[in-house]
Amino acid sequence: MASIFSRIISGEIPAAKLYEDAQTLAFLDINPASRGHTLIVCKEELPGLLDLPPELVCAAALTTQVVAKALLAVLQPDGFNIIQNNGKAAGQVVFHYHVHIIPRWEGDRAVGYWRPGTATSDDLRELAALIAARVVEESV
Ligand code: 5GP
């Protein structure tokens, strides 16, 4: 069955649309964390970041930047968050790739934050070495 976002893309379900091109669509979130909370979706129904081919990663990033500029010009927030959830454990509810743009105003508490933890310099060094080696494999 098509995702809720595919049904918005096809026009079956209405949405407050902001921008559309061949690969992406931007529209307002139906349950906004703040005024202007926007979703950028890839038209192709792929679950998460790791499923996207490079050209769709780029297309989504570009649409995110263009729409963020428009949101800033119109709403004049003090800042904005870009959030992209991958997997249930990370809070993803709709398994169709999307990026959130959430305009922010000083003191609005619209978005929760992580609790800063601690790590030893040995942990950081060892972990960095493991991941850095893997990054090389993933990028070829
Ligand atoms: P996720 O948690 O998967 O990253 O975020 C999914 C987002 O989609 C939520 O912020 C939710 O409010 C939004 N959403 C879910 N269904 C609809 C819908 O039918 N229309 C719109 N505009 N947004 C939706």
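User: How are helices and strands labelled here, and where is Ser 34 found?

Analyst: Helices (H or I, at least four residues) and strands (E, at least two) are DSSP runs, numbered from the N terminus. Ser 34 lies in the loop between β2 and β3 (38–42). This is a predicted model, in which local features need pLDDT of at least 70 and side-chain atom pairs count only at pLDDT 80 or more, while totals for chains, interfaces and linings use all residues. Residues are numbered from 1 along each chain as its sequence is written, and side-chain values use heavy atoms, with hydrogens and water left out.

User: Does Ser 34 count as buried or exposed?

Analyst: Buried means under 20% relative accessible area, exposed over 50%, and partly exposed in between (1.4 Å probe, protein chains only). Ser 34 counts as buried because its relative accessibility is 9%.

User: Now the ligand: which residues surrounding it are the closest?

Analyst: A residue is near a molecule if one of its heavy atoms lies within 4 Å of it. Here 16 residues surround the ligand, and the closest are Asp 29, Gly 91, Val 93, His 98 and His 100. The largest share of this shell, three residues, comes from α1.

User: Which N or O atoms lie 2.5 Å from an oxygen atom of the ligand, and what about His 98?

Analyst: A polar contact to the ligand is a pair of N or O atoms within 3.5 Å. One ligand oxygen atom is 2.5 Å from a side-chain N or O atom of Asp 29. For His 98, a side-chain N or O atom is 2.7 Å from an oxygen atom of the ligand.

Key
Polar contact = N/O pair within 3.5 Å; in protein donor to acceptor, adjacent residues only side chain to side chain.
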